[in-house]
Amino acid sequence: MKFIHISDLHLGRRLGEFRLQEEQSALLDWILRTAAQHTVDGILLSGDIYDRSVPPVEAVTLFDTFLTRLSEMGIPLFAISGNHDSPERIAYGSSLMDRAGVYVSPVFDGTVRFVPLEKNGERVYIHLLPFLKPVHVAAALQLTEESIRGMTYTEAMAEVVSRMTLPEDGANILLCHQFITGSSRSESEEVPLVGTLDAVDAALFREFDYVALGHLHRAQAVTEKIRYCGTLMPFAFSETEPKGCLLVEFCGKAAACTFLPVPESLTRTLATVTGTYDSLISRDWRETFPHGEDYLKIILEEDIPVPDAMARLSVVYPRVVQLAYRRQGDTETEITEEAGESTAGQLSPDAVFASFFARQNETELAPEDLEYIRELLAEGGELCGR
């Protein structure tokens, strides 16, 4: 039996102020073509379907289209919620979706759902373990206050795994969205804890025949049968490693993995370019620069910041995400500015709030709500320009 392992789609994510809808749609189309090419028996999606718990409408629509096309192709999808997802929203309508071959993790109640799959006499069991924190485990298992005091992520996961039943008449696959001890993080990941406090010991999963991990954005093997597939595209300029998915083939209980890279033509590159302001806007440079339409981090080698440099460079390079300064001859970046930040300091408090609301909710703040915000700011002593 064959499966494609993907994770961390982060549908609805932005790079600075730029939406990634076009790239993410192309990548999901590529997954569908790859699944058909390799005649897979299922897709393993290991969490962070969306970039936030309340995703924008276009992200939900994009995922709905993906699920519909998978169902039409007769390819089942097995998915879990990640730390960026809302478990309740991901699990909504799961009984109906089962009939279409879409199997999702329920809100954790102390048990871990598994789905059996059989083909030509071979059987696998796919266990759907959503992202969990110790507090989730303690609440679901109704552990005593004494037993949960200071509980680590490894101890919490040990409580969960110890209660799981692994059938012996087939291969057991676990979908899991956690940070595993010894793995390498990336710049674009949300790291809510200090150091490795959220790490889970890989030894807990030794009884599984394959562990399809999500959460970390770099493709990497913890062991031969415990693997992160990484993201389908880079979300930070430091992520220069190849992106793709894993093709997992089972022979009995033995799993063999092949990394399938995403074609370069499907997404824009995240490129970093360094030079003086005058050199970067010169015609000779622009005519030979290969990344004019890509997402850019520009490092200006200037001793004095160039006035309104982000806006001026964006006229020449339409997708400038970050601007940094480096003194000529130095090797360290000193000042970094994100796209869309250059005017923030010029906005009044109510305008800052309205801008944040629009970016977060994909809609403008209603006039009456803005007036209410202004009243609250005035009560708090904040200056509030109109």
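**Close-up views of a predicted model**

**View 1. The open sheet and its edge strands.** Six strands, in the order β7-β8-β9-β12-β14-β13, make up an open sheet whose pairing is mixed; two strands are taken to pair if DSSP finds at least two bridges between them, and strands (E, at least two residues) as well as helices (H or I, at least four residues) are DSSP runs numbered from the N terminus. Because β7 (113–119) and β13 (220–223) stand at the edges with a single partner strand each, one side of each is left without a neighbour in the sheet. On average, and with direction ignored, neighbouring strands of this sheet are turned by 20° against each other, where the axes are lines fitted to C-alpha atoms and angles run from 0 to 180 degrees between N-to-C directions. The model is predicted, so that local features need pLDDT of at least 70 and side-chain atom pairs count only at pLDDT 80 or more, whereas totals for chains, interfaces and linings use all residues. Residues are numbered from 1 along each chain as its sequence is written, and side-chain values use heavy atoms, with hydrogens and water left out.

**View 2. The hairpin of β13 and β14.** With two residues between them, β13 and β14 form a hairpin. Strand β14 (residues 226–228) pairs with β13 in the antiparallel sense over three bridges. Within this pairing, Ala221 stands opposite Arg227 in β14, and Thr223 stands opposite Ile226 in β14.

**View 3. The buried side of helix α10.** In helix α10 (residues 309–316), the residues Ala309, Met310 and Leu313 are buried, which is said of residues under 20% relative accessible area, while exposed means over 50% and partly exposed in between (1.4 Å probe, protein chains only). These residues cover an arc of only 95° around the axis, which puts them on the same side of α10; the arc is that of the directions from the helix axis to the C-beta atoms. An α-helix has 3.6 residues a turn, so residues three or four places apart point the same way.

**View 4. Asp98 in helix α4.** Asp98 has its place in helix α4 (residues 94–98). Asp98 is partly exposed, with a relative accessible area of 23%. Between Asp98 and Leu77, which are 21 residues apart in sequence, the distance in space is 9.5 Å, C-alpha to C-alpha.
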